[in-house]
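Please open the structure in a viewer and keep the sequence panel visible. The tour below proceeds by selection, and each stop states what is to be found there.

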Amino acid sequence: MTGHKWGSLGWPSGLSPAKPFEIKLYAGTPANPVVFDRAGVVLLGCNIHDHMVGWIVVADTPYHGLTDPKGTTRLAPVPAGAYALVVWHPDLPVGSNGVRRAVTLRDGAPVVVDVVLAEVGR
């Protein structure tokens, strides 16, 4: 955001419990950075330009990834065990923390998980 003048960044209190915040208008770099210390989805908005939105997904795990244009991703080697796979997309309903799937990993065995985001509105 360096060099830009932004208005209120953040979602009105209570609608983004992962990190409600507001940054007043400024020029250059704000003095106090915003620390995202709680897992969840944070919706960013501009109080001047309603069409300007963004999302920050804060994960509480080192195992995460972004999908490629085909919608696939690979995670770094994950230890064997039972996990919850969470898939999030910006077109999910506001307030959604994603679609969860239970996944059990075995040592050295690859796992393919197909997730269809039926809730996505595009």
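## First stop: Ser-96

Begin by selecting Ser-96, which sits in the loop that links strand E3 (81-87) to strand E4 (99-105). Please note that the model on display is a predicted one.

Is Ser-96 buried or exposed? Its relative accessibility is 16%, and because buried means under 20%, Ser-96 counts as buried. Next, display the side chain of Ser-96 and follow it to the backbone nitrogen of Gly-98, which it reaches at 3.0 Å. Then add Val-41 and Trp-88 to the selection: Ser-96 is in contact with both, when neighbours within four places in sequence are left aside.

## Second stop: the whole protein

Now clear the selection and show the entire protein in a cartoon representation. How many helices and strands does the protein have? There are zero helices and four strands, and the order of elements from the N terminus on is β-β-β-β.

Switch to a surface representation. The accessible surface of the protein amounts to about 9,100 Å², and carbon and sulfur atoms account for 56% of that surface. Of the 122 residues in the protein, 20% are buried. If contacts are drawn between residues at least 6 apart in sequence, 31% of them join residues at least 24 apart.

## Third stop: strands E1 and E2

Select residues 40-45, which form strand E1. This strand is mostly covered, with six of its six residues buried. Which residues lie on each side of E1? One side carries Gly-40, Val-42 and Leu-44, while the other carries Val-41, Leu-43 and Gly-45; both faces are covered. Val-41 has already appeared on this tour as a contact of Ser-96.

Extend the selection to residues 53-58, which make up strand E2. E1 and E2 pair in the antiparallel sense, over six bridges. To see one of the partnerships, select Gly-40 and look across to E2, where its bridge partner is Val-58.

## Fourth stop: the loop between E2 and E3

Two residues of the loop between E2 and E3 are visited here. The first is Asp-60, located in that loop. Asp-60 counts as exposed because its relative accessibility is 68%, where exposed means over 50%. Select Arg-38 as well: its C-alpha atom and that of Asp-60 are separated by 7.7 Å, although the two residues are 22 residues apart along the chain.

Move on to Ala-80, which also lies in the loop between E2 and E3. At 38% relative accessibility, Ala-80 counts as partly exposed. Which residues does Ala-80 touch, not counting those up to four places away in sequence? They are Leu-105, Arg-106 and Asp-107. Adding Gly-108 shows a further pair: the C-alpha atoms of Ala-80 and Gly-108 are separated by 8.1 Å, with their positions 28 residues apart along the chain.

## Last stop: the largest pocket

Finally, display the pockets and choose the largest one, whose volume is about 2,000 Å³. Its lining comprises 45 residues. For a view of the middle, select Gly-65, Thr-73, Leu-75, Leu-85 and Val-86, the lining residues that lie nearest its centre.

Which strand supplies the largest share of the lining of the largest pocket? That strand is E3, with five residues. Each of E1, E2, E3 and E4 supplies at least two residues of the lining.

How values were computed:
Residues are numbered from 1 along each chain as its sequence is written. This is a predicted model: local features need pLDDT of at least 70, side-chain atom pairs count only at pLDDT 80 or more; totals for chains, interfaces and linings use all residues. Side-chain values use heavy atoms; hydrogens and water are left out. Buried means under 20% relative accessible area, exposed over 50%, partly exposed in between (1.4 Å probe, protein chains only). A polar contact is a pair of N or O atoms within 3.5 Å; within protein, one must be able to donate a hydrogen and the other to accept it, and residues adjacent in sequence count only if both atoms are side-chain atoms. Contact means heavy atoms within 4.5 Å. Accessible areas come from the Shrake-Rupley method with a 1.4 Å probe; for residues, only the protein chains shown count as cover. Two strands pair if DSSP finds at least two bridges between them. On a 1 Å grid over the protein atoms alone, a cavity is a set of points where a 1.4 Å probe fits but cannot get out, and a pocket is an open set with protein on both sides within 12 Å along at least five of seven lines; lining residues have an atom within 4 Å of a point. Grid points are joined across faces, edges and corners, and a volume is the space filled by probe spheres set on the points.
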